Amino acid sequence: MPPRAGSSWRPYAGDPTWFHCGYEGYQENRAPAPDWPAGECFYDEGGRLVDEAHPYAGCRGTPNSYDAEDPRHWLWHDPGGIWNSGYGGAGESHRHANDRVRQIMNQQGYPPFSIGPFRAPLPGRGQ
């Protein structure tokens with residue numbers, strides 16, 4: 001269950017679409033430190049915690065050792081930052097978005113792979 005009313009957690013400050021599948025996220029309401037990283041957690045559409053057993057596990061939260069106000073350390077040195085964990089989360093978010101589009105297309109009655117790349121007719125043919 002998301003900690004919406006808890007004072008020890010605050011809503012995720014960034015855009016969760018890039019690294020966390022657009023899920024609802026929370027950060028510990030304290031300053032992070034390298035020897036005591038601040039926790040981060042995300043919950044899917046059904047309110048399930050995104051953890052290692054989740055179908056989109058790469059979108060789970062990562063503990064932050066540095067504050068986002070310190071971009072040099074947060075981007076490059078933080079084990080939960082973009083350089084060390086972000087690329088996996090970005091790939092998983094992309095996979096999640098593609099799966100959602102496929103799901104919506106199926107719900108609307110489009111068969112799989114019915115929409116392909118745009119192909120313009122060759123000049124002078126097919127007109």
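**Core and rings in a predicted model**

Guide: This model is predicted. Its largest nonpolar core has seven residues: Tyr12, Cys21, Tyr23, Phe42, Val50, Tyr56 and Cys59.

Visitor: What makes these residues a nonpolar core?

Guide: A nonpolar core needs buried residues of certain kinds, Val, Phe, Tyr and Cys among them, joined through side-chain atoms within 4.5 Å. The seven residues from Tyr12 to Cys59 form such a set, so they are called a core.

Visitor: Which residues does Tyr12 touch, leaving aside its neighbours within four places in sequence?

Guide: Tyr12 is in contact with His20, Gly25, Tyr26, Gln27, Glu40 and Phe42.

Visitor: How many aromatic pairs does the structure hold?

Guide: Two.

Visitor: Why is the pair of Tyr12 and Phe42 called edge-to-face?

Guide: The ring centres of Tyr12 and Phe42 are 4.9 Å apart, and a pair needs centres within 6.5 Å. Their planes stand at 70°, and over 60 counts as edge-to-face, so the name fits.

Visitor: What makes this a link between distant parts of the chain?

Guide: Tyr12 lies in the loop between β1 and β2, Phe42 in strand β3, 30 residues apart. Both Tyr12 and Phe42 are buried.

Visitor: How do you know that Tyr26 and Tyr43 form an aromatic pair?

Guide: Their centres are 6.4 Å apart, and the limit is 6.5 Å, so they pair. The angle between the planes is 70°, over 60, so this pair is edge-to-face. Tyr26 is in strand β2 and Tyr43 in strand β3, 17 residues apart. Tyr26 and Tyr43 are buried.

Visitor: What sits over the ring of Trp36?

Guide: The charged end of Arg30, 3.5 Å from the ring's centre. The distance limit is 6 Å, so Arg30 meets that part of the test.

Notes:
Residues numbered from 1 in each chain as written. Predicted model: local features only at pLDDT ≥ 70, side-chain atom pairs only at ≥ 80, totals over all residues. Heavy atoms only, no water. Buried < 20%, exposed > 50% of the residue type's maximum accessible area, 1.4 Å probe, protein only. Contact = heavy atoms within 4.5 Å. Phe/Tyr/Trp six-rings, centres within 6.5 Å; stacked < 30°, edge-to-face > 60°. Helix = DSSP H or I, 4+ residues; strand = E, 2+ residues; numbered from the N terminus. Lys NZ or Arg CZ within 6 Å of the ring centre and 35° of its normal.
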